[in-house]
Amino acid sequence: MELVRNAYDADATECGIELINAMRPGGSIIVTDDGDGMTDAQLTSDFLLIGSSEKPSFPFTERKNRRRVGEKGLGRLAALRLGRRVKVTTRARVSADVQHELYIDWDELDSAHAVEDVPLELREVAPHDRLGTRIEIHDLRVGLSDVDVERLSRSLMLLTGPFQSESTFKILWNVTAFGNEDLASSVTQEHLQWAEFHLSGKLGSDGSRSAELRDHKANLIASATASELRVAAVGDRRKRPPADADQLFTSAPAAQFDLWMFNLNPKNSVALRDSMQPTSAIKRWLSDVGGVHLYHHGLRVQPYGDPGDDWLNINVRRAVLSEFRPYTNNSVGCLIVSDPENRLQPKTDRSGFVHNAAFGELREFAVSAVEWASQRRRQIRERERQVQRTRTKAQSADAEAEFTRARKDMEEQLADGQGRLGGDIDREAVQRVLATSQRLVDQRLREIQDLHGELLLYRALATVGTSTAVFAHEAQQPAVRIVQEARTVDRRLRQDISASTVDGRYKPSLNSIMDSAHTLQIFAQLPLNLLIRKKRDLKDVDIDEVCLSTLKLFHNFFSDRGIHVTHDLGCQGLHVRTYEAAVESIIANLLVNSVHALTRPDGGEERRVHLATQSFFEEEALWIRLTVDDSGPGIQAPLEEIWVPGYTTRDGGTGLGLTIVRDSVGDMGGRQKASRNGPLGGARLSIELPVSTRPATMDSNGGQGE
């Protein structure tokens, strides 16, 4: 690869790689190019001197104005040492009437007392080759393994393609030696046509940013402005996008970002295209080129996109919430950078770029585009789920009604026939019963299939919940011991030194320890409290009582963070037919959402939360409205998006809290609303639930039962 890059620096249009029996010791590697070639002075003064290179002094080539990719002049010598004998043939453009041949025998040099004792054999011959350089490395010390060849193949494939539509530098190789006849075809874009989504983004040299998401037919799904991308950026979402967000990216060079996302379920291609995608071939292809690659001045920069180098952390983010987030096994992309001012600075070891402001902005641009696209995909899927859920329920209701009518008709005929059908059997009635029953069964199966995805989601949440409960149970005793030990230390200190010294010097720290331990106890009690069996019984739940008990659970948590909580509960005696644990979960998630908003860097100095309930009538039905207001920065995201699974405004968040609220409220026949800014200046989240019309009864434990 070093020799290939040297060919690029020599303004070559083609570079050839030949492997001759290179899979075992004694084989050969030949690299040829049609570049500018070298004069005898360049051969002896630059090419063979360790650390010597004219590239730092002349960063751009003369003819094609390419940004030189080599800096230290070390790589080529390491390449030449792969074999015991080397022949270099070169014909320079500036002296095309002569051709030079250089021979190196490394064994002679290794055995010599001093390097200068072995004269280099440099010949001047009549020109008989094309312009450029040919380097032959013979008698390889170690043969190339299959893994070596695979890595080399991948590097060659990606060095200039397959994402750039045009390249002034082409790499050729002998297919048989590489053992992969499909290597050449894999450099093309033939597999990209099977992508389900295509994300494209542009970063201007003036800091302007935009992105588009298209489907497999290239139809535009959504487009993003600079402010929307900034809101989506993980790591910067805790800051409110300023009014001049378009001009914040002033250090990064201009870039084009493309990411193709695949659905590797073969059935999906049939549903989308009425044709079967070559899933196995796509998987193999993605195993070679998957990930996001960075191209700078026309060439791919390592290690970005190499196996194991997830420089955009897309795999990490997928681990937090897998749904609709790309990762290196199901997506491939490129960030093509135009950098005429050389804002990106190579590291001294040439393994990527220095993480300066330009590189940081470039990376953040790509990350924000991926996050934005993932959010759009979740929104699309969530809308589809809601529509499908409504449609399925309506179809099931129709099927059940039709089956009931058919069964009733059949029962009437049986009654007239005294329990059996007479000789004039009404076959149409029988067939109608059978058909409607089958339709009802089919609709129930569709409902089950629609619920399967949600089942997996809540099964994962259940696993988190049970794990949390185990940790909470185990944390109870250590928290109690901390309090006891703090009190013991306080007592013993008072025995050994004066009370005034204890109160002035040690008491604040001891109080802090005990307060923290009490907070741990409260957090340990919270999940255990939610898992109390009777809270998962269906009954008439007093919303105000649950509000008070939940606020009590969170009291120390709020106090530790300087959050002042008030409440105005006006629904005493009103009940909702549901589960107490479900109501607790709703209130807890709404409160936690406010806490996260208030503890952000832009959360403000005054931290206030207000919880209120009130009743109202709608079409003669009585409803309860529960509202949580805070004094935070408000909601910057689209209001409908905050309820979508996976959307989060904080690093490490799952984006499931408000989704749980939405689904729980929906199960109760209620609805949820959000306002960007409420009376306290921050967000307002409210839920509305229908009041139970059942008369309250007392269960055996004194509570309200079924």
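The exercises below, each with a worked solution, concern strands and one residue of a predicted model.

**Exercise 1. The open sheet**

Find the order of the strands in the open sheet, and name its edge strands.

Solution.
Step 1. The open sheet is formed by 7 strands, and reading across it gives the order 10-9-8-11-14-12-13. The pairing is mixed.
Step 2. Strand 10 (220-224) and strand 13 are the edge strands, since each pairs on one side only.
Step 3. From one strand to the next, the twist averages 20°.
Step 4. One pair in this sheet can be examined by itself: strand 8 (residues 197-203) and strand 9 (residues 209-215) are antiparallel and share 7 bridges. Within this pair, Leu199 stands opposite Leu213 of strand 9.

**Exercise 2. The neighbours of strand 12**

State which strands are joined to strand 12 by bridges, and in which sense each pair runs.

Solution.
Step 1. Strand 12 is joined to strand 14 (residues 331-338) by 6 bridges, and the two run parallel.
Step 2. Strand 12 is joined to strand 13 (residues 299-301) by 3 bridges, and these two run antiparallel.
Step 3. Leu294 can be followed to both sides: it stands opposite Leu335 in strand 14, and its bridge partner in strand 13 is Val301.
Step 4. Strand 12 and strand 13 form a hairpin with 2 residues between the strands. In this hairpin His297 takes a positive phi near 55°.

**Exercise 3. The two sides of strand 12**

Sort the residues of strand 12 by the way they point, and decide whether they are buried or exposed.

Solution.
Step 1. In a regular strand, side chains alternate between the two faces of the sheet.
Step 2. In strand 12, Gly291, His293 and Tyr295 point one way, while Val292, Leu294 and His296 point the other way.
Step 3. The residues on both sides are buried. Because 6 of the 6 residues of strand 12 (residues 291-296) are buried, the strand is largely enclosed by the rest of the structure.

**Exercise 4. The surroundings of Thr133**

Classify Thr133 as buried or exposed, and describe what surrounds this residue.

Solution.
Step 1. Thr133 is located in strand 6 (residues 132-140).
Step 2. The cut-off for buried is under 20% relative accessible area. Thr133 has 8% relative accessibility, so it counts as buried.
Step 3. Apart from neighbours within four places in sequence, the contacts of Thr133 include Val31, Asp33, Met38, Val88 and Thr90.
Step 4. With Thr90 there is also a polar contact, side chain to side chain, at 3.1 Å.
Step 5. Ala10 is 123 residues from Thr133 in sequence, but the C-alpha to C-alpha distance is 9.2 Å.

Terms used. Residues numbered from 1 in each chain as written. Predicted model: local features only at pLDDT ≥ 70, side-chain atom pairs only at ≥ 80, totals over all residues. Heavy atoms only, no water. Buried < 20%, exposed > 50% of the residue type's maximum accessible area, 1.4 Å probe, protein only. Helix = DSSP H or I, 4+ residues; strand = E, 2+ residues; numbered from the N terminus. Pairing = 2+ DSSP bridges. Axes fitted to C-alpha atoms, helices over the stretch in contact; angles between N-to-C directions. Contact = heavy atoms within 4.5 Å. Polar contact = N/O pair within 3.5 Å; in protein donor to acceptor, adjacent residues only side chain to side chain.
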